[in-house]
Amino acid sequence: MARNKVQFQKGLSEAGFDDLYGTEERCRDAVFGWRWPGGFVCPVCGGREHSLLRTRALYQCTACRRQTSLIAGTIFASSKLALRTWLRAIYHLTQSKGGISSIELGRRLGVTQTTAWKVKHKLMQVMMERDAGKRLSGRIEIDDAYLGGERNGGKRGRGAAGKTPIVAAVETTPEGKPIRLKLRRVKGFRRTDIVSMAKRNFEPASIVLSDGLRCFNGVLDAGCTHQPIITRSGRRAALNPAFKWVNTALGNIKNAITGTYRAIRAKHTPRYLAEFEYRFNRRYDLAAMMPRLGHVAIRTPPMPYRLLKLAENHT
Ligand SMILES: [Zn+2]
């Protein structure tokens, strides 16, 4: 069973983490390997020979004498945090199934909540940029949902005020087993909103299954086929086996988001969605998530707090 395989896999234990990344020196070696998998390369002259200035953690090119910091130009830059703290943050973000709040992360890292918030959002940004360009194809189950907003007193159902509309789409095998998930904030559930979402996220000729909400016909404009599945019990087809996986994924995500985070600022929804998407799409290889995210993080440019606080545009 696929789900058991996910739930009972080993992941990376805390002891395993300490073995690999427990000291600043081990973290530096790991980050060095992510940055220069084939050995040091001088960013100025391409020279391969170098020496390490231990006191300042700088790598000096033997040919041109240029000193390079391990984290200059990366998402880890402009921060006084030890690499050990960054890598521990990556550990918590990738290995905890339901995500981790910045309050909890701050507690575990021994830093203030503000610092933890910055670290977390920078890493979520890395996750978002990593997966933004990958499109779903083949058989895709799609559903609409709202996140956040007033829990009591507000209007219920589709169109409720103060809530953030999102689309969840799962690429599946022909038998309906989930392969990859995409979670996208949309402006609303008008046809035009679905058209632009589908053009960016689905390959043409994909077969999109929905519960028949009218706007989902927008996938036709992206060259996809639309198969609305309408059951006798009404358009909400929770029991329809065709939607088993997309409903399961959506349910888990809504629970996790509401459970872990009291309130998500609507403007940061895409980053939170990216975090869930990232973990879901790599759920069969928990242990490898750590080096894989590190590898991408070292290739993601720095992001100042000022930019981090702006609303992100999910492409
Ligand atoms: Zn050089």
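# Notebook: strands, zinc site and side-chain contacts

**Entry 1. Strand β4.** I started at Arg139 and looked up its bridge partner in β5, which is Thr172. The model is a predicted one. I then took the whole pairing: β4 and β5 (residues 164–172) run antiparallel and share nine bridges. On to strand β7 (residues 207–210), which runs parallel to β4 and is joined to β4 by three bridges. There I found Leu209 opposite Glu141.

How many residues of β4 are buried? I counted nine of the nine in residues 139–147, so the strand is largely enclosed by the rest of the structure. I checked each face separately. One side carries Arg139, Glu141, Asp143, Ala145 and Leu147, and these are all buried. The other side carries Ile140, Ile142, Asp144 and Tyr146, and these are all buried too. I note that charged residues, among them Arg139, Glu141, Asp143 and Asp144, are on this buried list.

**Entry 2. Zinc site.** Which residues coordinate the zinc ion? I found the SG atoms of Cys42, Cys45, Cys61 and Cys64, at 2.3 Å. Along the chain, the donors follow the spacing C-x2-C-x15-C-x2-C. I went through the angles next. They span 101 to 114 degrees, which makes the arrangement of the four donor atoms tetrahedral. For reference, the ideal angle for four tetrahedral donors is 109.5 degrees.

I compared accessibility for two of the ligands. Cys42 has 3% relative accessibility and counts as buried. Cys45 has a relative accessible area of 40% and is partly exposed.

I also searched the whole structure for disulfides and found zero. Away from the zinc ligands I looked up Cys27, which is buried at 0% relative accessibility.

**Entry 3. The β1–β2 hairpin.** Strand β1 (residues 50–53) pairs with strand β2 (residues 58–61) in the antiparallel sense, over four bridges. I traced Leu52 across to its bridge partner in β2, Tyr59. The hairpin has four residues between its strands. In it, I noted a positive phi near 50 degrees at Ala57. Cys61, a zinc ligand, falls within the residue range of β2.

**Entry 4. Aromatic pairs.** I searched the whole structure and got 10 aromatic pairs. One of them is Tyr21 with Trp34: the centres are 6.3 Å apart, the planes are at 45 degrees, and the pair is tilted. Tyr21 sits in helix α2 (residues 14–21) and Trp34 in helix α3 (residues 24–35), so the pair ties together parts 13 residues apart in sequence. I found both Tyr21 and Trp34 buried.

What kind of pair do the rings of Trp36 and Tyr59 make? Their centres lie 5.8 Å apart and their planes stand at 65 degrees, so I logged the pair as edge-to-face. Trp36 is in the loop between α3 and β1, and Tyr59 is in strand β2, so parts 23 residues apart in sequence are tied together. Trp36 is buried, with a relative accessible area of 8%. Tyr59 is buried as well, at 4% relative accessibility.

I followed the ring pairs further and found a cluster linking Phe17, Tyr21, Trp34 and Tyr91.

**Entry 5. Salt bridges.** I counted 13 salt bridges in the structure. I looked up three of them.

The side chains of Asp131 and Lys134 meet at 3.7 Å, N to O. Asp131 is buried, with a relative accessible area of 5%. Lys134 is partly exposed, at 33%.

Asp221 and Arg191 meet at 3.2 Å, N to O. Where do these two sit? I placed Asp221 in the loop between β7 and β8 (225–228) and Arg191 in helix α7 (residues 191–201). The pair is 30 residues apart and links distant parts of the chain. Asp221 is partly exposed, at 41% relative accessibility. Arg191 is also partly exposed, with a relative accessible area of 38%.

Glu275 forms a salt bridge with Arg279, and their closest N and O atoms are 3.0 Å apart. Both lie in helix α9 (residues 269–281), four residues apart, so about one helical turn separates them. Buried or exposed? I found both Glu275 and Arg279 buried.

Finally, I found a network: salt bridges that share partners join Glu104, Arg107 and Arg108.

Note on methods. Residues numbered from 1 in each chain as written. Predicted model: local features only at pLDDT ≥ 70, side-chain atom pairs only at ≥ 80, totals over all residues. Heavy atoms only, no water. Donors = N, O, S within 2.8 Å, 3.2 Å for Na, K, Ca; no water. Tetrahedral: all angles 85-135°; square planar, octahedral: opposite > 155°, others 65-115°. Buried < 20%, exposed > 50% of the residue type's maximum accessible area, 1.4 Å probe, protein only. Pairing = 2+ DSSP bridges. Salt bridge = Lys/Arg side-chain N within 4 Å of Asp/Glu carboxyl O. Disulfide = S-S within 2.5 Å. Phe/Tyr/Trp six-rings, centres within 6.5 Å; stacked < 30°, edge-to-face > 60°.
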